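Reader: I should be grateful for a close look at one part of this model, namely the sheet and what lies around it. Please add a word on how the chains meet.

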Amino acid sequence: MQIDFHYYATYCAAYLAGFSHEECMEICSSAQFTDCCSVTLLSGIGAPLSAATTQLQLEIMDAKADILSLQNITRIWASFHFLPRDLSADVPGGSGLYKNKYRLICGPDSDLLAATVELAKDKSLQAAGIAMHVLADTWAHRYFAGTPSMVINNTDYDFFELIPEGDSYTERRVTFRHNPSAGDDLEKSIYTNTVYQFSENSVMCLGHGRAGHLPDYSFIRYRYLPAWAGYEAVVKDNPSEYYNAFCQMIYAMRYLRGDLPAFEKGVYDTETAAPWEKEIRWILTKRQPDASADWKALGELLSGQEIPAFDTAPFTQDYRKADKADRDETVLGKFIIAALAQKSMVTNRIWKSGNLLAGYSVDYMQEGFRGLRDFQKLVEISLMNRQK
Amino acid sequence: MEAKIRKHRHTLFIAGYAAILLGIWDTVKTILNLTIRQPLFKQVEQQAAAYTHEAMILSAVFAGVFIFILTVILMSIRLTIGRAAIRLGMGKEIKCGVMVFWAVVLLLANASGSVLSIFGIIRGGDVLDLTSSFLIDLTTFFMMAWILTALYKLKKLLVQTGG
C-alpha cells in the first residue's frame, strides 16, 4: 500500500476505533514511517541499523545475492510488508528451498498477523502503527513473498485489468514496461515494473516488483497467473480487499485500545465503518494514482481537525537532539523498539518453522543473548518488565 | 482444465519466440556457409571463367540473388511458424495448417540432419563442425516437436471445453 492508505486511511480507522486526534496522528505517522525507516535514514541519526523496516531502491540495488544478504532482505520485507500467511503450508511439489519460499507467500488473516497485533498490545502507539502497516499490507501484497524469488513472484504477459462495465467487467491486457520516469498510464493500462532478470534470487523478483505498483492501487482489479500457482489464474479485487483491510484495522485498534477482549483472525468491524461505507468505497474505487486528498478530507470530516502532511523530520530531529539515555522515550525511539520486536518475532517464527530464509533466530530468554547487539535492547526491556 | 490450456498456450508463446531466434541463427549460418566457407561466388566464378566478363558478372549476380532468396525463404518459414505459435499463445484463434506443415517439414529435415551429422562423425569428418551442426539440428527438432505437441494438446482441450 502507499501513503494514502498507510497514513490517511489509518488515521480514519484509528479515529473510528476511538482514539483521539493526537493518538491517531501518532499511529498513522508510525504506520507510514514503516515505509521510510531505512538503513540510510537510521545511519544518518546514529540509530540502530537493525531497526530498518524498509529498504530504499538504491539499497536494494546495492544488495548482493549471497545468502546473508538474501536473509537480510527477507527479514525486513517478510516482517513488515509481506507477512507470511502460512509457514507450514502444504506445498504440492518442488525442492525444500522452493517449499520454504512458497511458505513465505503473504496473505491476510494469518497466525502471524494475530501475533503481530498481540505484540502491540499494551505497548506504544508506535507499535500500534507498525502493526497497522503490517496488517494493511497483508491485503495489498497478497500472493507475493517478501523474498527475492522468480519462481514465486514473477509475472508474465497473461495479466489483465478488469474494467467495470455495468454489472460485469471487460478485460484489458496490462502492458508492463520498465520506465520509471514515464509513470503509470492508468487509462491505457500501461504500468512500470521491475526489469526481468533470468536469475532466481534477483532483487527484481522481490515482492510485487514484477507486478509494478498495481497491488498498491486501491481502485484496481486484475487477473493474472502467479508463478507459484501452476497456471491457475488469480483475481485480485483491491476495492473489496482494501475495505476489508480498513475494517480489520478498526477491529484491531479497538482491541489494542482495550475495547475488545481478544483479536481474532477473519473478523472485520464493518459495523463501525458502516455509516461511512459509501464514502470509503467511493474513495477506494476512484481511478486515481493517489487517494491521499480524498482520505484526508474524510479524516478531517471525522475528527474535525486538520491532518498535517506526513513528514519524517519530527521523527529524526527529536531523536538526534535527545541524550543517549533518553532516546528510547522519543517517538523514533519507541518506533525502533517496536520495529526490533516485530522483526525479532517474525524471524523467530520463520526460523522455528524450519525455514532458514530469514536466517537464524536466538531465543534470548532460554539461551542467553547472542547475535546482533541492537536486539539486546529487547532483552533489557523484557527483563525490566519482569522485574515490575 | 483452464490451467492446462493456459500452460499449452504459454508453451506455444515461448516456443514461437525460440523458433524465430533459431531461425535467425539458421539463416546467418546458411549465409556464412555460402559466402565464406564454401563460397558460392567462387564456384560460380570458376565455372564462368571460361566465358565472357559479362557472363561472370551475371553469374555473380545470380549467386547473390540465389543466396538472398534462400535466406528469405528460410527466414519466412521460421517466421511463419514462430508468429503463428506466438499468436496461438496469446489466445488468438488462427488457422494453423501452414504452420503445422512447415513445422513437420523442419522436424523431418532437422531429424535427417542430425542423423547425417552422426554418420559424418563416424566416418571421420570434422568433429567440431559436425557436432555443432548436430546440436543445432537436434535443438530445432525438439523445438518443432514441442510446438506440435503443445498445439495438439491445446486443440484437444479446446474441443473438450467447447472453446
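**The open sheet of chain A**

Author: In chain A, four strands form an open sheet in the order S2-S1-S5-S6, and their pairing is antiparallel. The model is a predicted one. The edges of the sheet are taken by strand S2 (168-173) and strand S6 (234-237) of chain A; each has a single partner strand, so one side of each is left without a neighbour in the sheet. On average, neighbouring strands are turned by 30° against each other, direction ignored.

At the S2 edge, strand S1 (residues 159-165) of chain A is joined to S2(A) by six bridges, and the two run antiparallel. Within this pairing, Glu165(A) has Ser168(A) in S2(A) as its bridge partner. Helix H10 (residues 238-257) of chain A packs on the sheet, where it touches strand S5 (221-224) and S6 of chain A. The direction of helix H10 makes about 60° with that of S6(A).

As to the meeting of the chains, eight residues of chain B are in contact with ten residues of chain A. Together the two chains bury about 760 Å², of which 58% is on carbon and sulfur atoms. On the chain B side, Arg6(B), His10(B) and Met90(B) lose the most area to chain A, together 65% of what that side buries. Four residue pairs are in polar contact between the chains, counting pairs with both residues at pLDDT 80 or more, while zero salt bridges are found across the interface. Helix H1 (residues 2-37) of chain B supplies the largest share of the side that touches chain A, with six residues. By class, that side of chain B has three nonpolar, two polar and three charged residues.

Note on methods: Residues are numbered from 1 along each chain as its sequence is written. Chains are lettered from A and ligands numbered from 1 in the order in which they are written. This is a predicted model: local features need pLDDT of at least 70, side-chain atom pairs count only at pLDDT 80 or more; totals for chains, interfaces and linings use all residues. Side-chain values use heavy atoms; hydrogens and water are left out. Contact means heavy atoms within 4.5 Å. Buried area is the accessible area (1.4 Å probe) that two parts lose on being put together, summed over both. A salt bridge is a side-chain nitrogen of Lys or Arg within 4 Å of a carboxyl oxygen of Asp or Glu. A polar contact is a pair of N or O atoms within 3.5 Å; within protein, one must be able to donate a hydrogen and the other to accept it, and residues adjacent in sequence count only if both atoms are side-chain atoms. Ala, Val, Leu, Ile, Met, Phe, Trp, Tyr, Cys and Pro count as nonpolar, Asp, Glu, Lys and Arg as charged, and the others, Gly among them, as polar. Two strands pair if DSSP finds at least two bridges between them. Axes are lines fitted to C-alpha atoms, for helices over the stretch in contact, and angles run from 0 to 180 degrees between N-to-C directions.
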